[in-house]
Structure formats: structure tokens, C-alpha cells
Amino acid sequence: MYKIHGFQDKDQLLETLVKENSMTFFPEFNLLAATSSPALFRGPMSRETAIFNVTASEISSGEFFKGWDYVSDFVFKDGRDKAIAIIDSYEQDSDGFTFHDRRIDMLSRLFSWSSTITAGSIPDMVRRASYYQKHLMSNRESFELSHGKPLSEISERPVGADAKELLDKLTSSETVSYFPEFNLLVTTTEYDPLGLHDRDTCVFNVFPSELAYGKLFYGFENVADIPFSGPVVDPIAFQPTFIDSAERDRSNDVDLGSLAMLLSGSDVISTQSVPELLETMADRFDIEPEERALNADRARAEECIRTGVPDIQVEIDSTNDDNFIEGTVTVEGESCYFYRPNSTRSTEDYDSVVFEPFRPDGFEGDIEEIELPDAIDQNRELAELVVSVATEPYMNPDKAVGREQSIDSLCDEKTEVSESMRYGMEGVGLPMLDAAEHLMNY
């Protein structure tokens, strides 16, 4: 379902996370976990794990590790000031039974599928992160780097802020919370509105620009639509927010509690509205309304193609005859002719799509006397939208403001391995990044 080079199960990742003098980096989540012991003779139960918020570029440049030669330096010296959490890798109860800290266990549960990078030394981690950034970075991450703009000043909250406050936000009914620093989106809703505690929570891996451009969740007006109707990306976790204990009282899911403990000091955007979340991210990226509208149109077209209702296909015949883009659009098996002006000679509606029915052989009357096929007439607005998106790459550049770079161009400087990964990575896919490119194939 996800990248093939992730860990196959949580236990395998958990064992790696708590290994002596090891580091594990989750590039899609900007999370780095480093484990070591203050002294080797103290044994494995004395290991501690420090968790950091860091990007692949910060690691590959070597700046993040400046001044440290060993993993233990990183965990126990000045690196502690950069950590978002420092926890015991192992804990021990009164009976002598040892167990892992639940935040470490939560990391392994949620992110075992991700493209984790493990290393036994700081120079090794720098090399591996550098290689990842140059050759293995996914299309979604490339899109983020090429289209994303730095977030405006993130509100600073002290690390160790009350995790209960964040947990209450995460598990409130009909809410969506986003952590821009960690590319994590959490949405909670009631599966059964009549049940007081039947809330379910979904956790998604979503990059800031995917929200800023408003494409990934286009059409999901309500929070409930996200987990139950399903966005383009698959959730990395789908779990009940409340569970019954033996005493029948209610408690939040342990993974959500651990997530709140881990991220309580980070910037979080929490709303009860999907459009409000998209607007917030767009404002942070300084995306103009016109650009947002263009990408929303592309997303609508892509969503229709994804759902398969109705079936719309576009065939372009010519792109420059008399400054028009011309072709045929077919809706549910019924076709008609279309043209779209590609010049600025008209002062209004100069780029609108015009449908014309086919003239029967020998017809000499006015075209207005022929009605459009029923399927096209009933889906006219949607068909015009799909045609607009399909013809967008052929438009005069002056009239295509905000048109995005194609996916293929993002891979121009990548290796053959990364080119093959473009089509080989399951689950990551191409989440509405460039609808026009796909519609051109119709």
C-alpha cells in the first residue's frame, strides 16, 4: 500500500529505534529519532531516545549535526536543546518487567511503512540523507520543494506544553488538526452521530503545499467526508478515538495520546471546517485567489476522472488554427465539437469553451437548430471544466497564469532509479498534483 522500502512491521522498526547508538529518520514526517546510553556499561535499560524535528535538507547539508561526532553526543549534549522529546527507550515496572516507552511504540505503529533511513553514525546519516534527497525523494516531496514557499512565522509554543489540551483538540468531534512541521493531518468525526463516543480518527501524511493549493481535499466540505468518503491519499492510521476499559469508562486511544505527548509543543492548526483549513494554508503560502481558483478547477476535473462519474474524454484536433484550440469531447459515449479561443482579441469570455453539435450530412440550416446530445447537455458545466483543463497546456502563456510545472519536469535531474519509482511506488501515487497532464492523455 505504501513505499516498498519502508519497514514491513512495527516490531522491526521498534527494534531499530531503540538500538544502541543508532539514528532513524522519517523523511516524509521530518522526524529524527536517535538512541544512545550515557555509558555503555550501564546496559540496554539505560538507553534514552531523543526525537527531533528536522528536514532532509538540514541533515544532508550537515548543518544540523555541526559540533557532534557521535550519536551519544547528539543525544546527551547540546542536541537536547533541539529535541522535541527526550524519553526512556525502556521503562521498568515494580515487578521488574521492562517495556518500551509508548511514544516510541507509537512511532513504530504509525510510521513503519514510511521511507525510514537508518544509520549507525552521524556521517553515515548525512550521506544517506543526501542520497535520499538527490535520488529517492518522492514526487510529492519534489512538488513540495518546487512549489512550496516557506511558511510564515510559526507560532512558538514551549516544548512540553500540556498534551491533554492537544489531545482534546485531536479527539473533539468533527475537527481537523494539521501539524505543518511534521506533514501530519489528523481528523476526527463521529461514525454514528447518535453515539456519544463512537468517534473515529484518521491520520494522514500531507505536505503543506498540498493543502495550500487546496487540491488534495477538494470537494470535502465536511470533516466527516475526509475519513469516510476518502481523499486521494490513504490514511496511515484509522482507529477508534475512544475504547472501552474493563470498568466501562472511556479513554482516548493510546496512540493518539502518545502523538499528543510527542507533538504538544509544535505548531498546530485546528479547525472544524475543511475550507477554513485550506484557506489558512493558502494564506500562509501567499497563494493568490486566481491561482487557487485555477488549481481548484483542476482538482474538480481530476476528482471527476477519479470517481469515474461521468465518463468524459477529450480529443484535441488542432491548437493554432485561427487562434483557436479545437477538438471533440465525449460524455458517456455521446460526442460534440468544441472550440476554445486562444487569443486576447475578445474583451470578455475570451477563454471560455464553446460546444457545438455535429452537423448531419447534408445539413444546411443554422447550427442553433441542432440540440446537443442529452449526456453533454446534462453535464455541460462539468464537460466545459474538463475541456478547459485539457486545453490549458496549449493556451497562450499570457492567459495561463499560475499554470504548474508538470510532474515529468520535476524528475529531469533524477536518476533512472527515481524515474522508475515515479510509477513503482504504491500508495504515494500522484495526488492531484497536475490534473492537466493526466487529462491530456484522454
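## A tour of strand E8 and a charged patch

Select Thr175, Ser177 and Phe179 on one face of E8, then Val176 and Tyr178 on the other, and you will find both faces covered, with all of these residues buried (under 20% relative accessible area, with a 1.4 Å probe and protein chains only; exposed means over 50%). This is a predicted model, in which local features need pLDDT of at least 70 and side-chain atom pairs count only at pLDDT 80 or more, while totals for chains, interfaces and linings use all residues. Residues are numbered from 1 along each chain as its sequence is written, and side-chain values use heavy atoms, with hydrogens and water left out.

Now widen the selection to residues 175-179: because five of the five residues of strand E8 are buried, the strand is largely enclosed by the rest of the structure (strands are DSSP runs of at least two residues, helices H or I runs of at least four, numbered from the N terminus).

Add strand E9 (residues 184-190), which pairs with E8 in the antiparallel sense over five bridges (pairing requires at least two DSSP bridges between two strands). Four residues lie between the strands of this hairpin, where Asn183 takes a positive phi near 55 degrees.

Next select strand E14 (residues 269-271), whose antiparallel pairing with E8 runs over three bridges. Centre on Tyr178, whose bridge partner is Leu185 in E9 and Ile269 in E14.

Finally, move to Glu371, in the loop between strand E18 (354-356) and helix H13 (374-378), where this residue is exposed, with a relative accessible area of 71%.
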